[in-house]
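Dear colleague,

Please find below the structure that I am handing over to you, together with its sequence. My notes on what was found in it follow.

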Amino acid sequence: NHPWHFTYSNWYGSNSRTGGDQNSGDQKPTWFTPDVYDNGIMSGNNGLFKPTGNITRAQVVTTLYNLEGKPEVTDYSTVYKFGDVEEGKWYTDAVCWAYSKGITTGNAGKFDITGNLTRQQMAAFFFRFAGFMRFETAERADYSGMLNADKVSGYAKEAVEWAVGSGLITGSLAGYDASGAEIRDLNPQGATTRAQLAAILQRFC
């Protein structure tokens, strides 16, 4: 377990928020747990977690920043490196911290604050974060047998190999082959939902 490991409970257990998301009426998937919300790792909006909503790039670096305990940020030079990062915003400290630790590099002079987090980007963020924390990152797996494996961008290939090898990413169930074996869809370019990020955090921690 990592130093910040905390206990996960079933959504229908002793947690104070029960049932489906009041914003959508949907029931929580069985693999989703709310403790990342309770422990301040992820936050909601107006009392709702919104599990089916997409995660943005700003939100994922804020999540990792929270996971690290919100360390003090004194160098705000990153604000001037990324044209879309502003001072004094809810994401500013997290982006500056993530850039200073090599967890994010941005793209073409921008961070893409409101851009949806793709699954391959999620793998890259967690891979770099694990390296920053000096965790073991030697695990690798051949994901070529998964659907859409050829859609993984070059920069993300090593991160995805690690994420699949470590069990962080399992792919979505897309069906079964003639022998009854599961067919998994990697979907690296697909958007990551808030519930999926919560599940990734559970596996990571």
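I begin just after the second helix, H2, which is followed by Gly 69, a residue with a positive phi near 95°. Please bear in mind throughout that this is a predicted model.

Helix H2 and its surroundings

H2 is largely enclosed by the rest of the structure, because ten of its eleven residues are buried. The buried residues are Arg 57, Ala 58, Val 60, Val 61, Thr 62, Thr 63, Leu 64, Tyr 65, Asn 66 and Leu 67. They pack against three other helices, namely H4, H5 and H7.

The chain as a whole

To place H2 in context, the chain has seven helices and two strands. Read from the N terminus, the order of these elements is α-α-α-α-α-α-β-β-α. The chain comprises 205 residues, and 45% of them count as buried. Among contacts with a separation of 6 or more, 68% are between residues 24 or more positions apart.

Helix H4 and its contact with H2

Helix H4 covers residues 92-100, and its buried residues are Thr 92, Ala 94, Val 95, Cys 96, Trp 97 and Ala 98. The cover over these buried residues includes helix H2 (57-67), helix H3 (78-81) and H5. After H4 comes Gly 102, which has a positive phi near 75°.

How do the axes of H2 and H4 cross? They come within 8 Å and cross at roughly 80°. The two helices are therefore roughly perpendicular to each other. On the H2 side, the contact is made by Val 61, Thr 62, Leu 64 and Tyr 65, which meet Asp 93, Ala 94, Val 95, Trp 97 and Ala 98 of H4. By class, the residues of this contact are seven nonpolar, one polar and one charged.

Gln 121 in helix H5

Helix H5 also contains Gln 121. With a relative accessible area of 17%, Gln 121 is buried, since the limit for that class is under 20%. Apart from its neighbours within four places in sequence, Gln 121 is in contact with Arg 57, Asn 116 and Tyr 155. Arg 57 is one of the buried residues of H2. Gln 121 also lies 9.9 Å from Val 152, C-alpha to C-alpha, although 31 residues separate the two in sequence.

The largest pocket

The largest pocket has a volume of about 270 Å³. Of its 16 lining residues, Thr 170, Gly 171, Ser 172, Gln 196 and Arg 203 are the closest to its centre. Three elements give two or more residues to this lining: helix H5 (119-132), strand E2 (182-185) and helix H7 (194-204). Which element contributes the largest share of the lining? That element is H7, with four residues. Sorted by class, the lining has seven nonpolar, five polar and four charged residues.

The cavity

Rolling a probe the size of a water molecule over the atoms shows where empty space is left. In this structure, one cavity of 30 Å³ or more is found. The volume of the largest cavity is about 30 Å³. Its lining is formed by Arg 119, Gln 120, Val 160, Ile 169, Leu 186 and Pro 188. Four of these lining residues are nonpolar, one is polar and one is charged.

Two loop residues with a positive phi

Most residues other than glycine have a negative phi. Two residues should be noted in this respect.

The phi of Arg 134 is near 60°, a positive value in a residue other than glycine. Arg 134 is placed in the loop between H5 and helix H6 (157-165). Is Arg 134 buried or exposed? Its relative accessibility is 77%, so Arg 134 counts as exposed.

Asn 187 is not a glycine either, and has a positive phi of about 45°. This residue is found in the loop between E2 and H7. Asn 187 counts as partly exposed, because its relative accessibility is 27%.

With kind regards

Definitions and conventions
Residues are numbered from 1 along each chain as its sequence is written. This is a predicted model: local features need pLDDT of at least 70, side-chain atom pairs count only at pLDDT 80 or more; totals for chains, interfaces and linings use all residues. Side-chain values use heavy atoms; hydrogens and water are left out. On a 1 Å grid over the protein atoms alone, a cavity is a set of points where a 1.4 Å probe fits but cannot get out, and a pocket is an open set with protein on both sides within 12 Å along at least five of seven lines; lining residues have an atom within 4 Å of a point. Grid points are joined across faces, edges and corners, and a volume is the space filled by probe spheres set on the points. Ala, Val, Leu, Ile, Met, Phe, Trp, Tyr, Cys and Pro count as nonpolar, Asp, Glu, Lys and Arg as charged, and the others, Gly among them, as polar. Buried means under 20% relative accessible area, exposed over 50%, partly exposed in between (1.4 Å probe, protein chains only). Contact means heavy atoms within 4.5 Å. Axes are lines fitted to C-alpha atoms, for helices over the stretch in contact, and angles run from 0 to 180 degrees between N-to-C directions. Angles under 35 degrees count as roughly parallel, over 145 as roughly antiparallel, 65 to 115 as roughly perpendicular and the rest as oblique.
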